[in-house]
Amino acid sequence: MNEMTPPRGLRLSRRSFLIGAAGTGFVMAFARAAVFLPEQAQQVVAEGGYDPDLWFHLAPDGTVTVHVIRAEMGQHVGTALARILADELEADWAKVQVEHVDSDPKWGLMVTGGSWSVWQSFPQLSQAGAAGRITLIEEASKLLNVPVAQLSARNSVVSGGGRSIGYAEIVQRGDLRRSWSAEALKALPIKPPDQRRLVGVDTRALDIPGKTDGKGVYGIDARIEGMVHAAPVVPPTRNGSKVASVDDAAAKQLKGYQGHLVLDDPSGTVPGWVLAVADSTWTAFQAAALLKVQWTSDNTAKVSEQDLQAHAAGLIDDAKAGARVVEGPVEDAFAKAARTIQADYTTASVLHFQLEPLNATALLKDGVWEIHTGNQWQSLILPTLAKALGVGEDKVVLRTYLLGGGFGRRLNGDYAVPAALAAKALGKPVKLTFARPDDARFDSFRSPSLQRLRMGFDAQGKVLAMQHDACAGWPTQVMAPALMPKAKNGVAYDPFAISGADHWYTVGAHRVRAITNDLANRAFRPGWLRSVGPGWTNWALESFMDEAAHALGADPLQFRLGLLDGAGDNAGSAPNAVGGASRQAGVLRHLAGLCGWGQALPADTGLGLATSFGQERDMPTWVACAARVHVDRASGEVKVEKLWVVTDCGTVVHPDGALAQTEGACLWGLSMALYEGTTFENGQVRDHNLNAYTPLRMADVPELQIEFVASTQAAVGLGEPATTVVAPAIGNAIFRAVGARVRHLPITPAQVLAALPAAQAKAPA
């Protein structure tokens, strides 16, 4: 989003793009120098001058290695990004491979989240591929003695004038030296969509073989010679505990137990932590369970979810509190309204529960601290690790591994800090592994939220004003406060805790207020979870849109379409939001035709819909969902029979990956709608394992019908948007099925039953 410019755009200081031969192949690099002569290129690349950032490497055997700074956690991001570059390079896909690189300042910002990867990388990698293709063609012209105008490239071969030469031979024989200015790069002729041969075409995913034959290496697989194993004893509070005493008499009876550590953490990431150290992970787990630790704790040890939500209610009641992200003259508009409606919506705490438990292996090697782990935001945790270890950031490197699920949990790399501290204390490599209950208790879970929405209408039912207030714990405020932008009233806010509320509907005077729950920020560490803020803001917004339509006696589809008129700020803009609200209206219309909106349904069965722009206005992914549900009036059980989803994400880069991501997002949204949710009790989450925390099971997966709008607009994000529309579509379907309006996630049978009597009492005789 435009409010998050510093962390999102690469904003690199490089002034030129460099191409050269380094003896072992052909490389592409950004150079730090503002000006350098073309003849310097070979020396620059060979000597590593100007700290070159290599985006791909073409080996003498023709293999193209694309260097990817994004984490691979099941979303096939490497395949998508390699496809962008290889398409412009005109490379033979069979000769393309991906390398997920270790942390290094030369890569710029390293983060995988927010559905940003393809969107951020598409222009950069397209330019890199085009520059490479042009340079190879120009050198082929010299080797073949054929004019450049007669040559073209395809499948790693340059041909024309009756002659041809492969990329491998060009690298072996040619003199590849060329520099590009930033201006020249921007002016490169990027392929028109109808000439793309890899982008938008089904081809094999590069990461699947390694994930299926066991060759893929995850963080939990890391092995370092001489390492010891550690397991944590997690304190009773996230921030306010101190170790008073440790009794390890029982642990000493275990064969392989090597002792315990009370961590001293200068970074303040893991206060009150104790580690059990052993010669195996299993023994470390056993020892940790036997350690008797006494702590002193602050008053957050008594905090409950009810306390958090009561505090949120008090903050929302204060009209002066919070950041006004969208500001309009709502007081005057509401004063003129003939009618107003208002509703509160809540969501419970939600855990990540990624498949691979948290883990990290740390060691000091040649004066540099190596951290071996899967991570989504290397640039965020590196300064913290450096502070914890008392060294400069240049003395810490994160070695990259596959992630067995991330979902936003590994954006916060806090789990690497105790491993690093233990390795420093012991003077040897340490592998720290979390048991599942430790993982849950240490989770940076999604904060519970409270939202209040209000809408005013004139006598004819026209919307005059809307206000949306949202209060929750703010992850960015806790972990990256320097990245918080200022709102209209000058108050800094966390965009990841309010995005989605700044919608594309035309509603007259409009105010969106983001309020930090300071008690939540103290009691635990709020985290980013797949779909971030829109996971709760869109739940409230799209449920409320249906409530508004019902209050007016209007069809929910037509009510939304009437507000998606593309007026004013909702008209959209280039390059990413072309079409604005009209494209959101487009996915809604497509969805209505797909799901048979308006058709008669069996008793106690309802069809509900919801729509969104994903999460950020400067990179909108237009998505709409319809849910068909059946409600058992006796038990309150809700069965989701089918979900329809229509997405307009601009250019679809990797079709199979796009489908898989959207399917996963739908099911994640369904899981949080009906099944997932815990409660914060006595300073900790209540549920620690899958016997109590119950995500969606396979038996409850409904039929899915997913379609993408054909488009050549800018490629935007796909990992999260569909997550945000499923819950409100289900809530709206429940209301249309049996008249029960539920306003809390997850939706339980008890909530449905509690809502039924009031609904039935209002039903016509």
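Visitor: Among contacts between residues at least 6 apart in sequence, what share joins residues at least 24 apart?
Guide: Welcome! This is a predicted model, where local features need pLDDT of at least 70 and side-chain atom pairs pLDDT 80 or more, while totals for chains, interfaces and linings use all residues. Residues are numbered from 1 along each chain as its sequence is written, and side-chain values use heavy atoms, without hydrogens and water. A contact means heavy atoms within 4.5 Å. For contacts in the chain between residues at least 6 apart, the share joining residues at least 24 apart is 77%.

Visitor: How many of the 765 residues count as buried, as a percentage?
Guide: Buried means under 20% relative accessible area, found with a 1.4 Å probe and protein chains only. By that cut-off, the buried part of the chain's 765 residues is 60%.

Visitor: Which helix gives the largest share of the largest nonpolar core?
Guide: A nonpolar core is a set of buried Ala, Val, Leu, Ile, Met, Phe, Trp, Tyr and Cys residues joined through side-chain atoms within 4.5 Å. The largest one here has 75 residues, and Ile730 is among those with the most contacts inside it. Helices are DSSP runs of H or I, at least four residues long, numbered from the N terminus. Nine core residues, the largest share, come from residues 723-738, which form helix 20.

Visitor: How many residues are in the other core, the one with Leu89?
Guide: This core lies apart from the largest one. Leu125, Leu136 and Leu151 are among its members, and its size is 39 residues.

Visitor: How far apart are the centres of the positive and negative side chains?
Guide: Lys and Arg count as positive, Asp and Glu as negative, leaving out His and the chain ends. Each charge is placed at NZ of Lys, CZ of Arg, CG of Asp or CD of Glu. With 70 positive and 75 negative side chains, the two centres are separated by 1 Å.

Methods: Buried < 20%, exposed > 50% of the residue type's maximum accessible area, 1.4 Å probe, protein only. Helix = DSSP H or I, 4+ residues; strand = E, 2+ residues; numbered from the N terminus.
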